[in-house]
Amino acid sequence: MQTITRRIALREGHEVVAYLHGEGDRTLFLANGGPGLPNRYLREPHLRLVEKGYRIVGWDQLGCGASDRPTDPGLWTLERYVDEAEQVRRALDLGPVDFLGHSWGTWLGTEYCLTYPEAVRSYIIADGACDIPHLVSELDRLRLALGSETVTMMVAHEAAGTLDHPEYQAAVTLLNHRHVCRLRTWPEPLTASLADWNMGPYVTMQGPNEFTYTGNMKDWNRVPAMGGIKVPCLVLAGKYDELTPACSLRMHMALPDSRIRIFDHSSHMPFYEEPEAYFAELTDFLETIS
């Protein structure tokens with residue numbers, strides 16, 4: 001399958017790299033998780049939709065993948081990334097898109113839909129959360145399943161700043177395999193993207209790991225504003241997702257035109273964990289959008 005790669009100059013002077021697949025009239029515009037995670041892990045499984053006539057477009061957000069990697073932490077804000085997404089869409093002359101955000105991409109996607117409503121045909125909210133304080137309470141609940149002694153150990157290391165301690169890392173690894181991807185062997189596009197993760201944007205915006213929020217997004221909550229998203233929406237999550245079904249339900253209930261699907265055998269990566277069910281749900285939704 002041919003991949004067209006485009007370097008796009010942002011107005012602030014940096015460049016990002018976009019990837020275009022297929023020639024369909026409908027564009028699925030992919031905003032990956034992270035932040036700081038290359039787009040590849042999300043883009044590659046969705047390429048099967050090219051055969052159904054969709055154009056798949058993703059980009060390495062500033063700070064990750066093949067895009068420029070500046071070190072100024074002042075760049076790592078939600079507002080700047082929303083503006084970046086619009087610059088990419090306009091530079092590629094995509095017209096209105098079906099916007100799919102995964103994980104952190106749902107924070108970006110929600111703010112994008114509220115800021116540029118005319119640019120979006122539909123919005124797919126995959127494994128996301130738009131109320132971070134509520135998410136933190138859910139993550140605390142998931143951690144409690146490890147047992148009170150383990151949670152006490154994790155909190156002590158977090159207070160001491162010793163997150164690199166082997167016992168703390170072991171607990172995080174267990175949580176990742178329960179709530180990020182439950183496959184025995186993780187797919188190569190996912191492991192390759194994780195190996196190339198730029199932790200600069202991630203730590204600045206989120207925190208030191210998937211279960212600790214200390215960054216500039218820790219108080220963010222846009223669920224009350226999601227009633228302003230008028231396009232059709234699809235909310236997706238795994239039953240064991242780190243961004244839990246309870247988070248997805250809050251978004252679904254706030255949206256005026258949405259449907260929700262929870263995948264019973266998945267955590268945070270249903271497009272890898274239950275691909276047939278995931279893509280059947282996604283294509284059925286897209287085909288309902290005129």
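The paragraphs below lead from the overall form of this predicted model to its strands, one helix and several single residues.

The protein contains eleven helices and eight strands. Its C-alpha trace spans about 55 × 40 × 40 Å along the principal axes. A compact globule with 290 residues would have a radius of gyration near 19 Å, and the protein, at 18 Å, agrees with this expectation. Of the 290 residues, 57% count as buried. The protein exposes about 11700 Å², and carbon and sulfur atoms supply 51% of that area. The contacts can also be sorted by distance along the sequence. Among contacts between residues at least 6 apart in sequence, 71% join residues at least 24 apart.

A walk along the chain may begin with strand β1, which covers residues 3-9 and pairs with β2 in the antiparallel sense over seven bridges. Within this pair, threonine 5 stands opposite tyrosine 19 of β2. The two strands form a hairpin with five residues between them, and glycine 13, in the turn, has a positive phi of about 105°.

After β2 (15-21) the chain passes through a loop to β3 (26-31), and aspartate 25 lies in this loop. Is aspartate 25 buried or exposed? Its relative accessibility is 79%, and because exposed means over 50%, aspartate 25 counts as exposed. Aspartate 25 and alanine 192 are 167 residues apart in sequence, and their C-alpha atoms are 31 Å apart in space.

Strand β5 offers a pairing of the other sense. Six bridges join β5 to β6, and these strands run parallel. One of the bridges can be named: glycine 101 has isoleucine 125 in β6 as its partner. Strand β6 consists of residues 120-126 and is mostly covered, with six of its seven residues buried. As a general point on such elements, the side chains of a regular strand alternate between the two faces of the sheet.

Histidine 102 belongs to strand β5, which comprises residues 97-102. Its relative accessibility is 0%, so histidine 102 counts as buried. The side chain of histidine 102 reaches the backbone oxygen of histidine 268 at 2.9 Å. Which residues does histidine 102 touch, not counting those up to four places away in sequence? They are Ala31, Asn32, Gly33, Tyr41, Leu42, Ala126, Asp127, His268, Met269 and Phe271.

Helix α3 takes up residues 104-115. From its first C-alpha to its last, this helix of twelve residues reaches 17 Å, close to the 16 Å expected at 1.5 Å a residue. The helix is mostly covered, since ten of its twelve residues are buried. Among the buried residues of α3 are Trp104, Trp107, Leu108, Tyr112 and Cys113, and the buried set also includes Thr106, Thr110 and Glu111.

The last part of this account concerns the loop between α8 (199-205) and β7 (233-238), where threonine 212 is found. What is the relative accessibility of threonine 212, and how does the residue count? The value is 11%, and because buried means under 20%, threonine 212 counts as buried. Its side chain takes part in two kinds of pairing that can be located in the model. A polar contact of 3.3 Å joins it to the side chain of glutamate 158, and a polar contact of 3.0 Å joins it to the side chain of asparagine 209. Not counting residues up to four places away in sequence, threonine 212 touches Arg143, Glu158, Tyr168, Gln206 and Gly207. Glutamate 158 therefore appears both as a residue that threonine 212 touches and as a polar partner of its side chain, while the burial of threonine 212 follows from its 11% relative accessibility.

Lysine 218 is also found in the loop between α8 and β7. Its relative accessibility is 36%, so lysine 218 counts as partly exposed. The side chain of lysine 218 makes a polar contact of 3.2 Å with the side chain of aspartate 219. Leaving aside neighbours within four places in sequence, lysine 218 is in contact with Ile132, Pro133 and Tyr213. Lysine 218 and aspartate 131 are 87 residues apart in sequence, yet their C-alpha atoms are 9.1 Å apart in space.

Technical notes: Residues are numbered from 1 along each chain as its sequence is written. This is a predicted model: local features need pLDDT of at least 70, side-chain atom pairs count only at pLDDT 80 or more; totals for chains, interfaces and linings use all residues. Side-chain values use heavy atoms; hydrogens and water are left out. Helices (H or I, at least four residues) and strands (E, at least two) are DSSP runs, numbered from the N terminus. The expected span of a helix is 1.5 Å times one less than its number of residues. Buried means under 20% relative accessible area, exposed over 50%, partly exposed in between (1.4 Å probe, protein chains only). A polar contact is a pair of N or O atoms within 3.5 Å; within protein, one must be able to donate a hydrogen and the other to accept it, and residues adjacent in sequence count only if both atoms are side-chain atoms. Contact means heavy atoms within 4.5 Å. The radius of gyration is taken over C-alpha atoms; the globule rule is 2.2 Å times the number of residues to the power 0.38. Accessible areas come from the Shrake-Rupley method with a 1.4 Å probe; for residues, only the protein chains shown count as cover. Two strands pair if DSSP finds at least two bridges between them.
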